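Here's a quick tour of the fold, going from the sheet out to the helices. Keep the viewer open while you read.

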Amino acid sequence: YYKSNEAAFKRPESANIEYVELTVDALKSSMAVAEDDLRKYYDANKDSLGEAEQRRAAHILIEAPKGMPADERAKLRAKADAIHAELLKNPASFAEVAKRESQDPASAPQGGDLGFFAAKGAGVVDDISKAAFGLKAKGDISAVIDFEYGFDIVQLSDIKPSDAPAFDVVRAKLEDQYRTEQAQKNFSASADEMGKIAFEQRDSLKPIAD
């Protein structure tokens, strides 16, 4: 009976294998996150969690393109310096001086007002935006800015703070995001290390697993 039914008693061929799998999720779950690092990550990404801080500023433009003759540009720089000195003596006169002296046809009639804008984008020249966000308090006036279009003076008019949620409110979400980013950064290095260990210690996967 056995001989005639031998096929019914055969077991399929099988293999006993071991493997080690490296995934981003595995790295993510095993990663230790320091509280200080998470708070720094929060500060660096605060703008993406809510509306970014905005500032309102006014400016006075004295047109003097970089390509114009040096002596003519020097005279215009002297004019900008004189206006700046006048403003430092009486910051409250900024709008009046802007209407009189600014060569920006769009903002001069409004006393140089540029409205609210964020640190990046919003159609404001980078040099002006940088100057506005470098000022500390309402009414502060920047130094004379020498840029490609000429010379500019900026006054900070108002500050609309960021409305990002508090750290404790978004901590769990931030930690997950931070872990994911760090795991993705470390993945390639970890994969290379796995390959190196596998090549050097071929008899066992335990060193890799460890």
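## The central pair of strands

Strand 1 (residues 54–63) and strand 4 (residues 150–160) run antiparallel and are joined by ten bridges. Keep in mind that this is a predicted model. To find the pairing on screen, look for Ile60, which sits opposite Ile153 in strand 4. Arg55 is another handy marker, with Ile159 of strand 4 across from it.

How much of strand 1 is buried? Eight of its ten residues are, so the rest of the structure largely encloses this strand.

## The whole sheet

Zoom out a little and you get an open sheet of four strands, ordered 2-1-4-3 and paired antiparallel. Strand 2 (113–118) and strand 3 (145–147) are the edges, each pairing on one side only. From one strand to the next, the twist averages 40°.

Strand 1 also has strand 2 to deal with: these two run antiparallel and are joined by four bridges. Gln54 of strand 1 has Ala118 as its bridge partner in strand 2.

## Helices on the sheet

Helix 4 (residues 70–89) packs on the sheet, where it touches strand 1, strand 3 and strand 4. Its direction makes about 30° with that of strand 4. Helix 5 (residues 94–101) lies across strand 1 and strand 4, and runs at about 40° to strand 1.

Which residues of helix 5 are buried? They are Phe94, Val97, Ala98 and Glu101. These four span an arc of only 105° around the axis, so they end up on the same side of helix 5. Glu96 and Lys99, on the other side of helix 5, are exposed. As for what covers the buried residues of helix 5, the list includes strand 1, strand 4 and helix 4.

## Helix 7

Now swing over to helix 7 (residues 167–200), which has a kink of about 40° centred on Lys173. Its buried residues are Phe167, Val170, Leu174, Glu175, Tyr178, Arg179, Gln182, Ala183 and Ile197.

What do the buried residues of helix 7 pack against? Their partners are other helices: helix 1 (24–30), helix 2 (35–44), helix 3 (46–49) and helix 8 (206–209).

How values were computed: Residues are numbered from 1 along each chain as its sequence is written. This is a predicted model: local features need pLDDT of at least 70, side-chain atom pairs count only at pLDDT 80 or more; totals for chains, interfaces and linings use all residues. Side-chain values use heavy atoms; hydrogens and water are left out. Two strands pair if DSSP finds at least two bridges between them. Axes are lines fitted to C-alpha atoms, for helices over the stretch in contact, and angles run from 0 to 180 degrees between N-to-C directions. Contact means heavy atoms within 4.5 Å. The bend at a residue is the angle between axes fitted to the seven residues ending there and the seven starting there. Buried means under 20% relative accessible area, exposed over 50%, partly exposed in between (1.4 Å probe, protein chains only). The arc is that of the directions from the helix axis to the C-beta atoms.
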